[in-house]
Amino acid sequence: MKKVVSLGLALSLVLSCNSLVFGFTDVNTENPYLNSISYMADKGYIGGYSDGSFKPDNFINIYEYGAILVRASENKEFVYTNNASHWGQSYLDFIKKNDWLMHYEIQMCKLQEENSNVTREIALKGLFEMTG
């Protein structure tokens, strides 16, 4: 009986540690992007939602993308300010200030107004501009 209880406790610790290592309740070891998600979370480039989820199958909007881009840049000049209009506004302002998406300014404004999803084109362009 002691062995069964001990094994049960050990198994529950391993399983709970597994979710803590990856940090998200909805990212399991079968996820094909597990390594990328774990790496970016460990670096602090991405974060989850307040309920502990990551929502790996969801699209990201312009604000979420802006946050990822600025965090991944590790630019020491960035200072987060909680803007009353939107939590992600300071990230977009920093991107615009650094001209990381200068040719996409109009499209960025449209995405911002509609709070819509980021296209692959904008995502790659931002990464290219950021890395020089």
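Select K55 to begin: this residue is partly exposed, with a relative accessible area of 33%, where partly exposed covers the range between buried, under 20% relative accessible area, and exposed, over 50%, for a 1.4 Å probe and protein chains only. K55 sits in the loop between α2 and α3, and although K55 is not a glycine, its phi is positive, at about 60°. Most residues other than glycine have a negative phi.

The model on the screen is a predicted one, in which local features need pLDDT of at least 70 and side-chain atom pairs count only at pLDDT 80 or more, while totals for chains, interfaces and linings use all residues. Residues are numbered from 1 along each chain as its sequence is written, and side-chain values use heavy atoms, with hydrogens and water left out.

Next, select E74, in the loop between α3 and α4, which is likewise not a glycine and has a positive phi of about 55°; E74 counts as partly exposed, at 42% relative accessibility. Then go to D99, which follows α4 and has a positive phi near 55°.

Now colour the whole chain by pLDDT, the predictor's confidence in each residue from 0 to 100. The mean for the protein chain is 75, and 74% of its residues reach 70 or more. Confidence is lowest in helix α1 (residues 2–22), with a mean of 37, and highest in helix α3 (residues 62–73), at 89. Over residues 1–21 the pLDDT is below 50, and beyond near neighbours in sequence this stretch has three contacts in the model, a contact being heavy atoms within 4.5 Å. Where pLDDT is low, the predicted coordinates should not be read in detail.

With a cartoon view, the protein chain shows six helices and zero strands, where helices (H or I, at least four residues) and strands (E, at least two) are DSSP runs numbered from the N terminus. Of the 132 residues in the protein chain, 32% count as buried. In helix α4 (residues 89–97), select Q89, S90, Y91, L92, F94 and I95, which are buried.

From I95, move into the largest nonpolar core, which has 16 residues, with Y65, L69, V70, I95 and W100 making the most contacts inside it; such a core is a set of buried Ala, Val, Leu, Ile, Met, Phe, Trp, Tyr and Cys residues joined through side-chain atoms within 4.5 Å. The elements that give two or more residues to this core are α3, α4 and α6, and α3 gives the most, with six residues. Centre on W100 and show what surrounds it: not counting residues up to four places away in sequence, W100 touches L69, V70, S73, N75, F94, I95, K125, G126, E129 and M130. A second, separate core of six residues includes F24, V27, L34 and I37.

Finally, select F54, N58, F59, I60 and I68, which lie nearest the centre of the largest pocket among its 31 lining residues. A pocket here is an open set of points on a 1 Å grid over the protein atoms alone, where a 1.4 Å probe fits and protein lies on both sides within 12 Å along at least five of seven lines, and lining residues have an atom within 4 Å of a point. About 1,100 Å³ of space lies in this pocket. The largest share of the lining, seven residues, comes from α3.

Note on methods: Points joined across faces, edges and corners; volume = space filled by probe spheres on them.
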